[in-house]
Amino acid sequence: MDDKELNLVDHLDELRNRLIVSAVAFIIFFGIGFFYVKEIYNFFVRDLDVKLIVLGPSDIVWIYFMLATIIAIAGTIPVLATQIWLFVKPALRPIERKISLSYIPALFILFLVGLAFGYFVIFPTVLNFLVELSGDMLVTNFTAEKYFKFIMNMTLPFGVLFELPVVVMFLTSLGVINPYVLVKVRKYAYFILIVISVVISPPDFMSDILVTIPLLVLYEISVNLSKFVYKRKLKKEKEWQEQYGDMDEDSEEESSL
């Protein structure tokens, strides 16, 4: 009992250290983003025909923190993924360590791809649709807070959700899930993704469709990738069993003699 409690304490200490490293990385990247906030701001407003307005001094501070937070999240993802991998590494077999380690750069790349998809595809489409919807009835002005919140709603969710295929592949390689489960819960997953789409998109039917379709496609891609990884995993386990199973049987016979 004492050994189990000691083992649990060791694991909790290690988990705490991994989280501390991730938190330090977040703070460092936040500082970098805060230092370059003007350049980041100019990038996001380069295509605007009007200048953004603020309604109070606190809005300026909010913009600095929001832009720095985006940079911090993007930079911390590979660090956090590496710390998670190091935490579970002792419980993995050598082949599982090698496979799971390859998913870390993929997580970062897909996060950036998701951000780019949201910013360059979804964001301008939805923004133009909403602006044209007002026609000549209204004068269009944007506050900085509303504009950047809109950008975050159109990009960050895609950055996170685009990592779904890699997460599914990782969990499949560890045996946590398999493609048959994903197929079985497909209708429930569709429902959840549709709800997420409605929540993160502006309140109009066109925006809901533009956000929903990519998420459903991502789920289907995840199912197919899970099938690929699952078949490969079964093949590797069979080869492992054939290679080391005989050695285990021989050792058992020698011990019995």
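What radius of gyration does the protein have, and what would a compact globule of 257 residues have? The protein has 24 Å, against near 18 Å for such a globule, with the radius taken over C-alpha atoms and the globule rule being 2.2 Å times the number of residues to the power 0.38.

Before you click around: this is a predicted model, where local features need pLDDT of at least 70 and side-chain atom pairs count only at pLDDT 80 or more, while totals for chains, interfaces and linings use all residues. Residues are numbered from 1 along each chain as its sequence is written, and side-chain values use heavy atoms, without hydrogens or water.

Start with the C-alpha trace, which spans about 95 × 40 × 30 Å along its principal axes. Switch to cartoon and you get 10 helices and 0 strands (DSSP runs, H or I of at least four residues for helices, E of at least two for strands, numbered from the N terminus).

Next, select L52, L67, F123, Y147 and F148: they touch the most other members of the largest nonpolar core, 37 residues in total. Such a core is a set of buried Ala, Val, Leu, Ile, Met, Phe, Trp, Tyr and Cys residues joined through side-chain atoms within 4.5 Å, buried being under 20% relative accessible area with a 1.4 Å probe, protein chains only. Colour helix 6 (144-161); helix 6 gives this core its largest share, 8 residues.

Now zoom in on L67. Beyond its neighbours within four places in sequence, L67 contacts V37, I40, Y41, F44 and F148 (heavy atoms within 4.5 Å).

Last stop: A81, L92, Y103 and V166, which are among the 10 residues of another core, apart from the largest one.

Methods. Buried < 20%, exposed > 50% of the residue type's maximum accessible area, 1.4 Å probe, protein only.
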